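Notebook open, coffee poured. I want to go through the empty space in this one, then the helix packing around it.

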Amino acid sequence: MRPPVNGFAIAALVLGILCVPLVGLVFGVLALLRIHRTGERGKGMAVWGVVLSGGSLVLWGLAVLGALSEGWDAASDAARPVFTVATGECFTVRDGDLIGVAEDVDEEPCGGPHDGEAFSTFRMDDAPGDPYPGEEAIVDRADAECTALRPAYAMDSWALPPHVEVYYFTPTREGWELGDRQITCMFGHEDAGQQLTGSLRNDGTVLDRGQRAFLEVARPVEEALLAPPEETYVEDDLPGHRKWAAEVARAMGRQVTRLSEAGWSKEGAGPVTAYAERVDAARSEWDRAARAEDAETFYVHLDTALELSDPALAVPSRAALGLDTTPPRELVDVLGDPEGAASSDGAGPGAGAAV
C-alpha cells in the first residue's frame, strides 16, 4: 500500500502558489521533516512550496525595504534645513521669493546678480526636546538673532545700501519634529523681485587693522544713538531720556579712548585725531544732558550734542581709512537735522523719524 501524501506538503505548495510566504515556508519545512521521519509522499510539493514561499518572502522583503527607504528619504528631506548655502555664499531662489520656505536655491557668484547673501546661521537648541514652538515664535527668534548677528558680518553699517534688508529661512513644522533647528540669516533686496550685485561682506576677512579698530568703537555709539526712549517728548520721560544720553556718553567715551590709543596710518592719524576731539566734545554734552535736572536744560545740551554728533564729521576719517563715507539713513534721521531733531518747543529727538 502506498503511503499517504503529507498534508503539510500540499498546504506548502498551495500557499507558495498563493504568495503567502511565511506560512508556506513553515509548512514546507515541517512537511520535509515529517516526510523524512514517516516516509510519506509529497516531498516534491514540499520542496516547491519552500522555493515559492522563499521567493515570495524575498520579494516581500525587497518591497518593504523600498518603502522604508522612500520613507527615510522623505523624512531626511523634511529634516534637512531648507537652506544649505554656507555663510558668505550668494544664491538665487528659483521662485524669486526670500519670504517663506525655499526648497530650491542655486549658488551664484557674489559679483553677479543674486537674490540673497547668507551672512550667518544658528540653531535653536535651547531645549532640543521641546515641541514645535509655532511659526510666530520662530520668526521672532530669527528676527532678533539675525539682527544681532549682522554686525559681525557687515561691520560697517555705512557700507550697507539702503535697499538691503535682513531675511531668514526657518525650520518647517515637519523638519522641526525630525530635528531641524537651523535658521539661516541673509541679506536681500527690500523690493520683491529685485536682485543684489556684489558681496556685502565687511568683516575681519576684508578689513585691515585700522579699519576694524575704527568700526569696533563706532558701532556701539551708533547703536546707542539709534535707541532713544519710546516717549517722543522729553517732558513725558525725562529719566528715560537721561538714561539714553548717559548710554551715548559712555559709548563715546570708549570711542575717544580707542581712537586716541590706536596706532593709525600716516594718512589716517590727522583726521582720526581731529575726529576724536569732536567726539569728546559731543560726549561732554551728552553727559551734561544725562545729568540735566529738567527738560529745558536737557534740550539745551541735547541740541549741542546732536550738532557735535553730526555723521558728516566722521567723513574725513573714514575717507582716510578707506571706509564708506555715506551715512546710513537711520543715523541721518536722528542726527542729520540737529536743529529739527529736538527743540525746547516740545519736539523730542528723532520726532517723526523711523528709528
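**Cavities**

I started with the enclosed space and counted two cavities of 30 Å³ or more. For my own record, on a 1 Å grid over the protein atoms alone, a cavity is a set of points where a 1.4 Å probe fits but cannot get out; a pocket is an open set with protein on both sides within 12 Å along at least five of seven lines; and lining residues have an atom within 4 Å of a point. Grid points are joined across faces, edges and corners, and a volume is the space filled by probe spheres set on the points.

Before going on, a note on the model: it is predicted, local features need pLDDT of at least 70, side-chain atom pairs count only at pLDDT 80 or more, and totals for chains, interfaces and linings use all residues. Residues are numbered from 1 along each chain as its sequence is written, and side-chain values use heavy atoms, with hydrogens and water left out.

I looked at the largest cavity next, and its space comes to about 220 Å³. It has 21 lining residues, and those nearest its centre are Val221, Gln255, Tyr275, Ser309 and Ala314. α6, α7, α8 and α11 each give two or more residues to this lining (helices are DSSP runs of H or I, at least four residues, and strands runs of E, at least two, numbered from the N terminus). α6 has the largest share, with five residues. I sorted the lining by class and got 15 nonpolar, two polar and four charged residues. The classes: Ala, Val, Leu, Ile, Met, Phe, Trp, Tyr, Cys and Pro count as nonpolar, Asp, Glu, Lys and Arg as charged, and the others, Gly among them, as polar.

The second largest cavity has about 40 Å³. I listed its lining as Met155, Asp156, Ser157, Leu215, Ala218, Arg219, Glu222 and Arg318. Here too the largest share comes from α6, this time four residues. The split is three nonpolar, one polar and four charged.

**Largest pocket**

What is the volume of the largest pocket? I get about 730 Å³. Its lining runs to 27 residues, with Arg150, Ser157, Leu160, Pro328 and Glu330 nearest the centre. Two or more residues each come from α4 (135–153), β5 (164–169), α6 (209–225) and α11 (329–335). α4 gives the most, five residues. By class I have 16 nonpolar, three polar and eight charged.

**α6 with α7**

Since α6 turned up in every lining above, I checked its packing. The axes of α6 and α7 come within 8 Å and cross at roughly 170° (axes are lines fitted to C-alpha atoms, for helices over the stretch in contact, and angles run from 0 to 180 degrees between N-to-C directions). The two helices are therefore roughly antiparallel (under 35 degrees counts as roughly parallel, over 145 as roughly antiparallel, 65 to 115 as roughly perpendicular and the rest as oblique). On the α6 side I noted residues including Phe214, Val217 and Val221, and on the α7 side residues including Trp244, Val248 and Gln255; contact means heavy atoms within 4.5 Å. The contact divides into 13 nonpolar, one polar and four charged residues.

**α9 and its two partners**

I took α8 (residues 266–290) first: its axis and that of α9 are 8 Å apart, at an angle of about 160°. This pair is therefore roughly antiparallel. The crossing is left-handed, meaning that the near helix is turned anticlockwise from the far one by less than a right angle (clockwise would be right-handed). Among the residues that meet are Ala281, Glu285 and Trp286 in α8 and Phe298, Leu302 and Ala305 in α9. I count nine nonpolar, two polar and three charged in this contact.

Then α7 (residues 238–261) with α9 (residues 295–308): the axes come within 11 Å and cross at roughly 30°. That makes α7 roughly parallel to α9. The crossing is again left-handed. Leu238, His241, Arg242, Trp244 and Ala245 in α7 meet Ala295, Phe298 and Leu302 in α9. I sorted these into six nonpolar, one polar and one charged.
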